[in-house]
Amino acid sequence: MNEVQNVIENLNMWVTNPKSEDLCCFCDREIADPNSQVQRIIYKESKRYGDTMKRVVEFTAKRVFIARCKKCEEVHSSISLLRYGGIQFLVCIVAGLLLGLMQGYWFWWLLGGGVVGFILSGYVYDNECESRAKRANIKAEAEVDNFEPIKKLLDKSWTWSKPKV
Ligand SMILES: [Zn+2]
């Protein structure tokens, strides 16, 4: 049996605009709204032990708050994953299945379609997020990785995903 344990309590960390505590980190213009702040959890593996029967990974989690204004939240949340990614994914799956049925190896073609669709839909979604942010003259949500306090954490091997056993 494998286990992932969070042994240390959640620590809170606020990422605020270096210029002013109240300014939105994404546009640098508007006053941040507490209801619009981005809330994310960041993880770091702290200990790993056990044997082949049972392996345990311990990690620390930090809750990160990033100051954001209402207008930027609206831009960030206006993108439908179904329209930008979902449809493309479905088209690839169906195309893979149809081609597979014609070729006789439907399973492998379906799997291939799924993989291509997954990569394509991720690209389409990220691209739309980026271009919408650019049009609104703000930073995209994914750009938080470049914010100085977050960058420091990522450099010290903190990750956005939970450590795996
Ligand atoms: Zn803003």
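**Close-up views of a predicted model**

The secondary structure of this protein comes to four helices and three strands, where helices (H or I, at least four residues) and strands (E, at least two) are DSSP runs numbered from the N terminus. This is a predicted model, in which local features need pLDDT of at least 70 and side-chain atom pairs count only at pLDDT 80 or more, while totals for chains, interfaces and linings use all residues. Residues are numbered from 1 along each chain as its sequence is written.

**View 1. The whole chain follows the pattern β-β-β-α-α-α-α along the sequence.** Of the 165 residues in the protein, 18% are buried; a residue is buried if 20 or more other C-beta atoms lie within 10 Å of its own, exposed if 12 or fewer, and partly exposed in between, with C-beta atoms placed from the backbone. Two residues are in contact if their C-beta atoms, placed from the backbone, lie within 7 Å. Among the contacts with a separation of 6 or more, 67% are between residues 24 or more positions apart.

**View 2. Helix H3 covers residues 106–135.** This helix has 30 residues and reaches 42 Å from its first C-alpha to its last, which is close to the 44 Å expected at 1.5 Å a residue; the expected span of a helix is 1.5 Å times one less than its number of residues. Which residues of H3 are buried? They are Leu 110, Gly 113, Gly 117, Ser 121 and Ala 133, and what covers them includes helix H1 (70–76) and helix H2 (82–103).

**View 3. Helices H2 and H3 pack at an angle of about 160°.** Two packed helices are described by the angle between their axes and the distance between the axes. The axes of H2 and H3 are 7 Å apart; axes are lines fitted to C-alpha atoms, for helices over the stretch in contact, and angles run from 0 to 180 degrees between N-to-C directions. The angle of about 160° makes H2 roughly antiparallel to H3, since angles under 35 degrees count as roughly parallel, over 145 as roughly antiparallel, 65 to 115 as roughly perpendicular and the rest as oblique. By class, the contact of H2 with H3 has 18 nonpolar, 12 polar and one charged residues, where Ala, Val, Leu, Ile, Met, Phe, Trp, Tyr, Cys and Pro count as nonpolar, Asp, Glu, Lys and Arg as charged, and the others, Gly among them, as polar.

**View 4. Gly 122 lies in helix H3.** With 13 C-beta neighbours inside 10 Å, Gly 122 counts as partly exposed. The C-alpha atoms of Gly 122 and Phe 89 are separated by 9.1 Å, although these residues are 33 residues apart along the chain.

**View 5. Asn 137 and Ser 157 each have a phi near 60°.** Most residues other than glycine have a negative phi. Asn 137 comes just after H3, in the loop between H3 and helix H4 (148–155), and is exposed, with 10 other C-beta atoms within 10 Å. Ser 157 is found in the segment after H4 and is exposed, with 9 other C-beta atoms within 10 Å.

**View 6. Lys 62 sits in strand E3, residues 55–66.** Is Lys 62 buried or partly exposed? Lys 62 counts as partly exposed, with 16 C-beta neighbours inside 10 Å. From C-alpha to C-alpha, Lys 62 and Trp 158 are 9.4 Å apart in space, while in sequence they are 96 residues apart.
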